[in-house]
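User: Let's go through this model together, one question at a time. I'd like each answer to show its reasoning.

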Amino acid sequence: MHDAPPSAGADPGDTAAETSRVLGAEEIRRALTRIAHEILESGHGADDLVLLGIPHRGVPLAERLAIQIARAEGDDRPLDQLAGSLDITMYRDDLRHNPTRAPSPTRIPRDGIDGRTVVLVDDVLYSGRTIRAALDALGAIGRPAAVRLAVLVDRGHRQLPIRADHVGKNLPTSRSERVHVQLMETDGADAVDIVRPTAGEDRA
């Protein structure tokens with residue numbers, strides 16, 4: 001996930017924490033199916049639609065949504081004409097604290113984004129700072145007609161006035177808890193867990 005300080009991530013091998021599963025593979029599939037239909041309903045079709053995933057887990061999520069949207073619309077365009085990725089590395093406001101952060105490639109469909117509806121896709125929405133960086137990165141490469149945001153999980157604790165248009169699951173959390181997202185493409189499994197520190201452990 002990106003919209004969080006390091007404490008908001010989760011190490012699945014952390015034995016000093018309690019883990020609760022909140023979404024399994026089937027629940028993630030249903031959530032993405034619902035989001036795909038919501039995107040279509042709000043955008044009146046897929047003709048001028050571009051889905052851009054924020055690396056890393058936002059990219060496979062964007063591709064899954066694109067596949068579902070194309071299937072629902074009978075759209076036979078190649079996947080890379082509907083979905084891509086948006087590197088936000090140089091636009092992050094924490095870059096000076098992580099100067100060695102490796103950039104990921106930006107991949108934009110060949111028709112570009114000008115005058116089109118762009119849906120930014122990420123796994124977890126937290127502070128809003130990652131999405132602010134994504135908006136800056138998007139503005140540097142084109143001028144879309146509209147920008148929407150789709151996330152698998154919204155865990156709250158916003159620091160900027162940003163909200164998602166399409167949410168798989170609203171998941172209230174404390175700042176000391178971590179949200180750990182796994183996807184088949186990146187982790188070999190589909191799951192969302194909450195990781196809570198054990199008593200006496202401060203992870204805030």
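**Sheets, helices and cores**

User: In which order do the 3 strands of the antiparallel open sheet lie?
Analyst: The pairing in this open sheet is antiparallel, where two strands pair if DSSP finds at least two bridges between them. Strands are DSSP runs of E with at least two residues, and helices are runs of H or I with at least four, numbered from the N terminus. S1 and S7 are the edge strands, each pairing on one side only. The order of the 3 strands is S1-S8-S7.

User: Good start! Which atoms do the side-chain values use?
Analyst: This is a predicted model, in which local features need pLDDT of at least 70 and side-chain atom pairs count only at pLDDT 80 or more, while totals for chains, interfaces and linings use all residues. Residues are numbered from 1 along each chain as its sequence is written, and, with hydrogens and water left out, side-chain values use heavy atoms.

User: Which of the elements has the highest mean pLDDT?
Analyst: pLDDT is the predictor's confidence in each residue, from 0 to 100, and the protein chain averages 87, with 84% of the residues at 70 or above. Residues 4–12 stay under 50, a stretch with 19 contacts beyond four places in sequence; contact means heavy atoms within 4.5 Å. Among the elements, strand S1 (residues 17–23) has the lowest mean, 93, and the highest, 98, belongs to strand S6.

User: Back to the antiparallel sheet: which residue stands opposite Gln 182?
Analyst: S7 and S8 pair over 5 bridges in the antiparallel sense. Within S8, the residue opposite Gln 182 is Ala 191.

User: What is the order of the open sheet of 5 strands?
Analyst: Its pairing is parallel, and strands S3 (83–85) and S6 sit at the edges, each pairing on one side only. Neighbouring strands are turned by 25 degrees against each other on average, direction ignored. The order is S3-S2-S4-S5-S6.

User: What angle does the direction of helix H1 make with that of S6?
Analyst: Helix H1 (residues 25–43) packs on this sheet, touching S2, S4, strand S5 (146–154) and S6. Axes are lines fitted to C-alpha atoms, for helices over the stretch in contact, and angles run from 0 to 180 degrees between N-to-C directions. The angle with S6 is about 150 degrees.

User: And which strand does helix H3 run at about 155 degrees to?
Analyst: Helix H3 covers residues 129–139 and lies across S2, S4 and S5. The strand at about 155 degrees is S4.

User: Why is S2 largely enclosed, and how many of its residues are buried?
Analyst: Buried means under 20% relative accessible area, exposed over 50% and partly exposed in between, with a 1.4 Å probe and protein chains only. Leu 49, Leu 51 and Gly 53 on one face and Val 50 and Leu 52 on the other are all buried. S2 is largely enclosed by the rest of the structure because the buried residues number 5 of the 5.

User: Which residue in S4 does Gly 53 stand opposite?
Analyst: Strand S2 (residues 49–53) runs parallel to strand S4 (residues 117–125), and 5 bridges join them. On the other pairing, S2 and S3 share 3 bridges, also parallel, with Leu 51 opposite Ala 83. The S4 residue opposite Gly 53 is Val 121.

User: Which residues touch the most other members of the largest nonpolar core?
Analyst: A nonpolar core is a set of buried Ala, Val, Leu, Ile, Met, Phe, Trp, Tyr and Cys residues joined through side-chain atoms within 4.5 Å. The largest one has 31 residues, and its largest share, 7 residues, comes from H1. The members touching the most others are Leu 51, Ile 69 and Leu 152.

User: Is Arg 34 buried, exposed or partly exposed?
Analyst: Arg 34 lies in helix H1 and touches Val 167 and Gly 168, not counting residues up to four places away in sequence. Because its relative accessibility is 35%, Arg 34 counts as partly exposed.

User: Lastly, at which residues does UniProt place the PRPP-binding motif?
Analyst: The record is an unreviewed entry that lists a short sequence motif; UniProt positions follow the numbering used here, feature names are shortened, and annotations may be inferred rather than shown by experiment. In the model, the end C-alpha atoms of that span lie 16 Å apart, and the span is 15% helix and 62% strand. UniProt places the motif at residues 118–130.
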